[in-house]
Amino acid sequence: MSVLRILHLYPRELGINGDAGNVLALAERARWRGIEVEVVTHAPGAELPPSVDIVHIGSGPLSAQRVVLEDVQRIASRLRDWRDAGVPLLAVAGGWQLLGREFVTPEGETLTGAGVFPSRAVLSRARHVGEMVVRSPETGSLAGFENHSARTELEGGEPLGRVLSGIGNDGATEGVTVGAAIGTHLHGPVLPMNPVLADRMLATALRAELPPVPQTERVDRYATNARRAIASRLGVSL
């Protein structure tokens, strides 16, 4: 691989919780290791690149989801093909809902998603807003911030992890994984806050182990302190 190509879906419409930081984290962590990176943004109606190495889609309100929904349905088969080929994919909150099988609005309207994830989200007028710590069997403890109104049902795949502490959902599962594709409610943004997850996506895309370098070691200390602060406020241990 001469260039690592990261596809960022709908950055103008979906990214109200700093989700663009996930793409920045992936790109910079790769560049720090001497890997050339190309970030390709995708807007509604545009053509997708012929191949990508990582896909990211952020979050947004229902109004923004409606703006991109038709395009999501148009490119759904390509996204599923990339998922099946093992391309790492991260979908955050509203982006996860769009890439699920379907999601239901607070008024009861059912909207068809891309079917990348075997999940169904039911939106309500009550929001879940606050910090959260999740224990993942593959990546250890993850921390971040949730801000959504969804009750999400998994119809397959595996949960990303189990909630150690959060807003009224201790012990519940969080997120979904299907191969190298991840759906989650964690903001923060999630990858700078949890660099082990970022490096896992990069290692999968590059098919290589990624040793730490001085730049990653420095920012990872900041991330560790941020996760510990969240865990301390929630009264749990990482």
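Let me start with L26, which lies in helix α1. This is a predicted model, so please hear everything that follows as computed from a prediction. L26 counts as buried because its relative accessibility is 0%, and the cut-off for buried is under 20%. Setting aside neighbours within four places in sequence, its contacts are I6, I54, L191, A198, M201 and L202. One distance for orientation: between the C-alpha atoms of L26 and E217 there are 15 Å in space, with 191 residues separating the two in sequence.

Now the sheet that α1 belongs with. There is an open sheet of six strands, and its pairing is mixed. Reading across, the order is β2, β1, β3, β4, β12, β11. Which strands stand at the edges? They are β2, residues 37–42, and β11, residues 176–178. Each of these has a single partner strand, so one side of each has no neighbour in the sheet. From one strand to the next, the twist averages 15 degrees.

At the β2 end, β1 and β2 run parallel and are joined by six bridges. Within that pair, R5 is placed opposite E38 of β2. Helix α1 packs on this sheet and touches β1, β2, β3 and β4. The direction of α1 makes about 175 degrees with that of β1.

Staying with β1 for a moment, the loop between β1, residues 4–9, and α1, residues 20–31, contains Y10. Y10 is not a glycine, yet its phi is positive, near 55 degrees. Is Y10 buried or exposed? Y10 is buried, at a relative accessible area of 0%.

There is a second residue to set beside Y10. R207, also not a glycine, has a positive phi of about 55 degrees. R207 sits in the loop between α5, residues 195–206, and α6. Its relative accessibility is 70%, so R207 counts as exposed, the cut-off for that being over 50%.

One more backbone item, in another loop. The peptide bond between G188 and P189 is cis, with omega at about -10 degrees. P189 belongs to the loop between β12, residues 181–184, and α4, residues 190–193.

Next, the pairings of β7. Strand β7 covers residues 119–136 and pairs in the parallel sense with β5, residues 102–104, over three bridges. In that pairing, F103 faces A121 of β7. How many bridges pair β7 with β8? There are 14, in the antiparallel sense, with β8 running over residues 140–154. The two strands are connected by a hairpin of three residues. V134 has L142 in β8 as its bridge partner. β7 also pairs with β9, residues 161–165, again antiparallel, over three bridges. There V133 is opposite S165 of β9.

Within β8 I want to pick out H148. At 5% relative accessibility, H148 counts as buried. Which backbone atom does the side chain of H148 reach? It is the nitrogen of A150, at 3.1 Å. Beyond its neighbours within four places in sequence, H148 is in contact with A126, R127, H128 and H185.

Last, R227, in helix α6, which spans residues 214–234. R227 is buried and has no salt bridge. How far away is the nearest side chain of opposite charge? That side chain is D220, and the distance is 7.0 Å, whereas a salt bridge would need a side-chain nitrogen and a carboxyl oxygen within 4 Å. What the side chain of R227 does reach is the backbone oxygen of M193, at 2.9 Å. Not counting residues up to four places away in sequence, R227 touches S141, A143, M193, N194, P195 and L238.

To go back over the residues I singled out: L26 in α1 is buried, and so is Y10 in the loop before that helix. H148 in β8 is buried too, and R227 is buried without a salt bridge. R207 counts as exposed. That is what I have.

Key: Residues are numbered from 1 along each chain as its sequence is written. This is a predicted model: local features need pLDDT of at least 70, side-chain atom pairs count only at pLDDT 80 or more; totals for chains, interfaces and linings use all residues. Side-chain values use heavy atoms; hydrogens and water are left out. Helices (H or I, at least four residues) and strands (E, at least two) are DSSP runs, numbered from the N terminus. Buried means under 20% relative accessible area, exposed over 50%, partly exposed in between (1.4 Å probe, protein chains only). Lys and Arg count as positive and Asp and Glu as negative; His and the chain ends are not counted. A polar contact is a pair of N or O atoms within 3.5 Å; within protein, one must be able to donate a hydrogen and the other to accept it, and residues adjacent in sequence count only if both atoms are side-chain atoms. Contact means heavy atoms within 4.5 Å. Two strands pair if DSSP finds at least two bridges between them. Axes are lines fitted to C-alpha atoms, for helices over the stretch in contact, and angles run from 0 to 180 degrees between N-to-C directions.
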